[in-house]
Amino acid sequence: MLLASILSLALQATPAFDENTPVSELTSLAEDGNAEAQEELGMRLHIEWMESGNDPDEQASQILLDEARYWLEQAAEADRPAALNTLGTVYNQALGVEYDPVRAENLFRRAVAAGDYAAIINLAAMQIHDEDPSNNLEAVEALEGFLTTGESPELERLASGFLGLAYTFGGGEVEQDYGRGLDLLERADSTGEAHTGVLFMLGRYHETGVGGADGGESASLEYFERAGLAGHGHAAWKAGMQHLNGWGTQVDEAEAFRWVQRAAELGDDQGMISTAVMYAMGQGVGIDFSQSRYWYDQAASLGNVHAIRAIGMMDVVGQGGPVNLPLGVALLEMAAETGDRNAAMLLQQFERPDTPGFRDSVRQAGEVWMAQRGLTERDLYGGQQ
């Protein structure tokens, strides 16, 4: 997703409150049923929650989020635009509540009808990223229309980014148009610091040269690094691969390791695997099989079959930890059953007991490993075919 949410920027001709209005005054008016005060109070509390680290699982944070949502719900009953839009983001992102895309869409549509410009973009973004391509045309038309309003340079930048992605991927009645996609993404970047999704996609354009992108690998590296520094894990991995292979820059294994480790720490499974490989091979960092095993395990816990195969073999030979033959065999068989050919070949290269007791221990080890990580067979992906 290009960005998590856009808070309401609904314009009021004569705002009833400003930042100097005391919270005590807002609270008193809100309790008396003043919808504008309820909206202002809910927005302030929501922003306070965002700035405090926004962890909906931490008790104090959850209390703050619940209070913000309570006042936003009260204001939404009076069709206050900012409250409607912000509540839409709450349900679209499952912020302290269950994910509810139907309710989120309804709230965004009500906010649009009430005059909230940010809700136009939130609704369009939701439609672009859902699994129903029939929604794409409505989203594109809304965003194209927004670009002609001149209402907000900030929102125009965001709308350009979403439109760029929509034309890049196409779908439904929206025809794929790399040239238009590139132009819009570049527009999003030229008018301010673009979101990480825009930067990553610009990197891909220059990496592949589609749409007339002619910056080559040096330009793609710049975009990937910018996106990686801003928190895009896969972009950081891409930057690492360019430094490792000398694409658009000099080969620099230490710099490559720095980027792939950042990708791993940002939760990118390819970054985790590359970090594990570089620790095992001593590329850009000293050989450390325990660290290699750690990062393989992180990716395996996401269901990545490549990593499951690697951890399985490390268990079999005792690399980076003790030998655990039953678990190693279980993991290799798990990977092989998904169609991973490398795992199947590895299983043929070492002997193991062929007894009912050993088979039971293999089965139990695999079941425990999956249960500890909350995985099912449907969660496994990325095997080597």
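Rings of Phe, Tyr and Trp, the last taken by its six-membered ring, count as a pair if their centres lie within 6.5 Å, and a pair is called tilted when its planes are neither under 30 degrees apart, which would be stacked, nor over 60, which would be edge-to-face. By that rule, the structure described here, which is a predicted model, holds 6 aromatic pairs. In one of them, the rings of F200 and F224 have centres 5.7 Å apart and planes at 40 degrees, so this pair is tilted. F200 belongs to helix α10 (residues 196-208) and F224 to helix α11 (residues 216-229), so the pair ties together parts of the chain that are 24 residues apart in sequence. F200 counts as buried at 13% relative accessibility, and F224 is likewise buried, with a relative accessible area of 0%.

**The protein as a whole**

The protein has 19 helices and 0 strands, and its C-alpha atoms fill a box of roughly 80 × 50 × 40 Å along the principal axes. Of its 385 residues, 45% are buried. Among the contacts with a separation of 6 or more, 53% join residues that stand 24 or more positions apart. The accessible surface comes to about 18,200 Å², and carbon and sulfur atoms account for 48% of that area. The protein carries 22 positive and 61 negative charges, and the mean positions of these two groups are 6 Å apart.

**Nonpolar cores**

The largest nonpolar core consists of 61 residues, and within this core L185, Y296, I308, L331, M334 and W369 touch the most other members. Once residues up to four places away in sequence are set aside, L331 touches I308, I311, G312, D315 and W369. Apart from the largest core lies another, of 30 residues, which includes L26, A30, L65 and A119.

**Three buried residues in helices**

A30, named above as one member of the 30-residue core, also appears in the surroundings of W71, since the C-alpha atoms of W71 and A30 are separated by 7.8 Å although the two residues stand 41 residues apart along the chain. W71 is found in helix α3 (residues 59-76), and, leaving aside neighbours within four places in sequence, W71 is in contact with A30, E31, Q38, L41, G42 and L45.

N92 is found in helix α4 (residues 81-93). Beyond residues up to four places away in sequence, N92 touches Y99, A104, F108 and M126. The place of Q127 is in helix α6 (residues 117-129), and its contacts, again without neighbours within four places in sequence, are with R109, D132, N135, N136, E138 and A139.

The table gathers the relative accessibility of these three residues, together with their helices.

| Residue | Helix | Relative accessibility |
|---|---|---|
| W71 | α3 (residues 59-76) | 9% |
| N92 | α4 (residues 81-93) | 16% |
| Q127 | α6 (residues 117-129) | 4% |

Buried means under 20% relative accessible area. W71 is therefore buried at 9%, N92 counts as buried because its relative accessibility is 16%, and Q127 counts as buried because its relative accessibility is 4%.

Key. Residues are numbered from 1 along each chain as its sequence is written. This is a predicted model: local features need pLDDT of at least 70, side-chain atom pairs count only at pLDDT 80 or more; totals for chains, interfaces and linings use all residues. Side-chain values use heavy atoms; hydrogens and water are left out. Helices (H or I, at least four residues) and strands (E, at least two) are DSSP runs, numbered from the N terminus. Buried means under 20% relative accessible area, exposed over 50%, partly exposed in between (1.4 Å probe, protein chains only). Contact means heavy atoms within 4.5 Å. Accessible areas come from the Shrake-Rupley method with a 1.4 Å probe; for residues, only the protein chains shown count as cover. Lys and Arg count as positive and Asp and Glu as negative; His and the chain ends are not counted. The place of a charge is taken as NZ of Lys, CZ of Arg, CG of Asp or CD of Glu. A nonpolar core is a set of buried Ala, Val, Leu, Ile, Met, Phe, Trp, Tyr and Cys residues joined through side-chain atoms within 4.5 Å.
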